[in-house]
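Here are some notes to help you find your way around this structure. Please keep the 3D view open as you read, and take the points in order.

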Amino acid sequence: MKNDIILSGVGGQGILSIAAVIGLAAVDSNLFLKQSEVHGMSQRGGDVQSHFRLSDKPVASDLIPLGKADLIISVEPMESLRYLPWLSKQGWLVTSSVPFINIPDYPPVDDVLAEIKKIKNHVIIDADSIAREVGSARSGNIVVLGAASPFINMPFSSLEKAIRKLFERKGEEIVTVNLKALKAGRDFTGLK
Amino acid sequence: MMNKTLLLGDEAIAQAAIDAGLSGMYAYPGTPSTEIMEYIQSSDTAAERNIHREWSSNEKTAIEAALGMSYAGKRAMVAMKHVGLNVAADGFINSALTGVNGGLIVVSADDPSMHSSQNEQDSRFYAKFAFVPCFEPSNQQEAYDMVFDAFELSEKYKIPVLLRITTRLAHSRASVRLTKHPAPQKKLTLPQDPVQFVLLPAIARKKYKALLKTYDTIRYDARLEKYNSFSDGRKRDLGVIACGIAYNYLLENIEGKEDDYPVLKIATYPFPDDLIKGIAGRCRELLVLEEGYPLIEEGLRGFLNNGLKILGKLDGTIPRDGELTPAVVAKALGFEAAHGENVPSLVRMRPPSFCKGCGHADMFNSLIEAVSLYGPGHVFSDIGCYTLGALPPYNAINSCVDMGASVTMAVGAADAGLFPSIAVIGDSTFTHSGMTGLLDAVNKNSPVTIIISDNSTTGMTGGQKSQATGRLEQICLGMGVSPEHLRNIIPLRKNHEENTRIMKEEFEYRGVSVIIAVRECIQTATRRKKAESSNE
């Protein structure tokens with residue numbers, strides 16, 4: 001089993017929280033993993049990405065080779081397209097539909113979504129609305145993770161367990177909201 | 001069953017240092033090295049053991065303090081980004097001559113591809129230049145294990161040891177097996193030789209001879225040798241030498257074909273000449289994969305080629321600049337690399353930018369207006385978030401070279417007749433290396449204006465303690481800046497007109513003026529408020 005995942009978004013959108021959840025879940029499932037991320041300058045509102053590699057065997061490279069990613073999980077639609085060279089022909093692209101516009105030349109959102117729809121296996125989710133429905137506008141990143149969860153080779157329960165562990169020190173309320181966000185994302189993809 | 005500690009490469013190094021009996025950690029923040037100190041600062045064990053773990057003013061003060069800790073017989077580590085080693089170079093090179101008492105490890109984190117840096121210099125050359133041994137881990141576990149061997153090696157040969165990592169290891173997480181038996185700290189013990197650290201010429205000459213001898217033989221020490229390995233393969237046309245993280249990209253590419261290629265993995269320097277002769281004798285061509293400059297490749301080529309064909313950075317098989325990737329290595333091996341869809345043309349660049357509520361942005365808005373009378377080309381700047389003032393829509397600065405260079409370049413340009421000559425520097429960069437330049441300016445009454453954009457933190461690297469928060473004014477006055485030309489402003493939009501007027505006044509002054517623009521970093525302020533409210 002091998003699962004290569006690219007996480008993408010804009011600095012400050014919470015992709016490192018998604019990475020932390022998958023990381024905890026992977027350790028819990030006794031999988032080998034490597035997770036590479038970029039710190040420093042790009043965190044100031046620039047594009048950020050993280051390479052996440054899960055396997056039942058030791059992982060060699062910290063970076064995913066081009067054309068080999070099984071999954072792109074993006075919390076921003078235009079950012080999801082930036083990593084297409086890494087996505088394999090059978091891979092899935094799961095992205096939030098909510099644009100983060102902090103540049104003057106952001107393309108028309110409909111054009112961005114049209115490009116995403118050209119990818120055979122894609123899920124576009126209005127993560128922020130769903131997050132608000134379950135009770136926390138700030139859980140959009142976890143909604144996207146839930147929507148991507150069917151394509152991650154781990155039991156859903158280990159992701160839930162990881163969320164409990166990651167958020168437990170912030171109190172039961174935050175744990176519950178994030179578990180709901182994860183489930184709502186999962187259900188969205190399941191219904192499609 | 002794996003042990004389940006998930007650590008960044010940086011964190012693995014920090015945890016290993018704690019487990020190896022570290023007494024003092026010294027550092028100045030710099031991507032990608034910052035998390036080493038941060039990990040130790042947040043470690044409960046480090047607190048229980050009372051390990052020294054305060055940030056230093058710059059890399060030079062950090063390495064010298066670490067050397068002092070070593071003088072007193074205790075284990076010390078100093079960590080910095082690659083360009084920090086330039087600042088620390090005087091102490092580093094000479095520490096090879098003095099040698100150490102307690103073990104001393106210098107961690108230098110290189111940043112090929114310049115994700116967050118001004119150059120891609122290769123710290124292995126510093127190790128060679130100083131005649132000190134160097135470890136280069138290829139994964140997080142090796143990074144952890146090497147720290148123990150590096151301390152032992154350092155103490156056995158009385159020599160500092162360089163640990164070189166690159167961005168992708170520093171900032172990549174994996175499971176690391178930790179020792180169950182952490183070592184105690186060393187006791188305070190003075191060096192046996194009372195003049196060991198006295199580099200008077202007569203003493204230094206003897207020490208240099210001894211250093212050269214050590215450097216020739218140390219490569220055969222088992223603590224270095226055990227990290228290098230040769231595995232033979234069927235092929236005789238191509239062998240591969242892979243160093244550090246390049247070894248991972250090689251394995252990624254030859255998965256299932258491991259038995260085809262003779263492979264020499266190198267993780268320590270000076271590099272193992274016997275192993276290199278071994279693989280060179282077996283193959284007609286050798287591919288050298290190393291992150292950074294072609295150190296091994298140049299060593300192999302020499303002036304006179306022995307007929308062996310060497311593929312690498314010097315013949316164009318591998319690009320000279322930028323970091324290695326699995327795709328670069330695939331191409332060098334002659335494999336057809338996979339590739340997904342191209343990036344659609346509508347995707348725009350998204351460069352980093354000032355946060356909403358950043359004081360630097362308001363400072364620049366006033367500066368742009370105040371300097372507009374004089375035309376372009378008057379503003380020297382420095383290393384930090386405010387370097388983003390170089391990008392549109394600001395286009396407000398004309399230089400960013402090294403820590404502190406804004407002040408001294410402004411002085412030099414004023415010497416040449418540029419008027420006004422303006423420096424923009426952050427508070428942490430000012431205390432790192434800007435203060436001495438200000439003293440130069442004061443001593444000759446240079447017609448310069450220095451704007452200290454004080455966000456009261458080291459912002460770019462994530463908000464570490466700034467060394468003189470609340471004391472910048474006193475420092476400037478103490479250095480001799482005239483009180484009438486030391487101005488304080490608060491860079492908020494509502495103060496724009498007043499701030500612009502103050503800047504214009506000081507630009508016109510034909511002497512040293514300093515404008516301190518104080519407004520707390522919005523990131524730090526948000527975190528502080530969150531922490532305060534959760535403590536209530």
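1. Let's start with chain A. Of its 192 residues, 58% count as buried. Please keep in mind that this is a predicted model, so every value here is computed from a prediction.

2. How does the size of chain A fit its length? A compact globule of 192 residues would have a radius of gyration near 16 Å, and chain A, with 15 Å, agrees with that. Along the principal axes, its C-alpha atoms fill a box of roughly 40 × 40 × 35 Å.

3. If you trace chain A from the N terminus, you will meet its elements in the order β-α-β-β-β-α-β-α-β-α-α-α-α. That gives seven helices and six strands. Among the contacts in chain A with a separation of 6 or more, 66% join residues 24 or more positions apart.

4. A word on confidence before we turn to chain B. Its mean pLDDT is 95, and 98% of its residues reach 70 or more. For the complex, the predictor gives an ipTM of 0.93 and a pTM of 0.96.

5. In chain B, please look at the open sheet of five strands, which has the order β8-β10-β9-β12-β13 and mixed pairing. Why is one side of β8(B) and of β13(B) left without a neighbour in the sheet? These strands, residues 229-231 and 309-311, stand at the edges and each has a single partner strand, so one side of each stays free of a neighbour there. On average, neighbouring strands of this sheet are turned by 20° against each other, direction ignored.

6. A helix packs on this sheet too: α12(B), residues 246-253, touches β9 (238-243), β10 and β12 (285-289) of chain B. The direction of α12(B) makes about 140° with that of β9(B).

7. For a closer look at one edge, β8(B) and β10(B) (residues 263-266) pair in the antiparallel sense over three bridges. Within this pairing, Phe230(B) has Leu264(B) in β10(B) as its bridge partner.

8. Finally, where does helix α18(B) bend? This helix spans residues 427-443 and bends by about 70° at Gly434(B). Gly434(B) is also one of the buried residues of α18(B), which include Phe430(B), His432(B), Leu438(B) and Ala441(B). The buried residues of the helix pack against α17 (405-415), β15 (421-426), β16 (448-454) and α19 (472-479) of chain B. After α18(B) comes Asn445(B), with a positive phi near 50°.

Notes
Residues are numbered from 1 along each chain as its sequence is written. Chains are lettered from A and ligands numbered from 1 in the order in which they are written. This is a predicted model: local features need pLDDT of at least 70, side-chain atom pairs count only at pLDDT 80 or more; totals for chains, interfaces and linings use all residues. Helices (H or I, at least four residues) and strands (E, at least two) are DSSP runs, numbered from the N terminus. The radius of gyration is taken over C-alpha atoms; the globule rule is 2.2 Å times the number of residues to the power 0.38. A residue is buried if 20 or more other C-beta atoms lie within 10 Å of its own, exposed if 12 or fewer, and partly exposed in between; C-beta atoms are placed from the backbone. Two residues are in contact if their C-beta atoms, placed from the backbone, lie within 7 Å. pLDDT is the predictor's confidence in each residue, from 0 to 100. The bend at a residue is the angle between axes fitted to the seven residues ending there and the seven starting there. Two strands pair if DSSP finds at least two bridges between them. Axes are lines fitted to C-alpha atoms, for helices over the stretch in contact, and angles run from 0 to 180 degrees between N-to-C directions.
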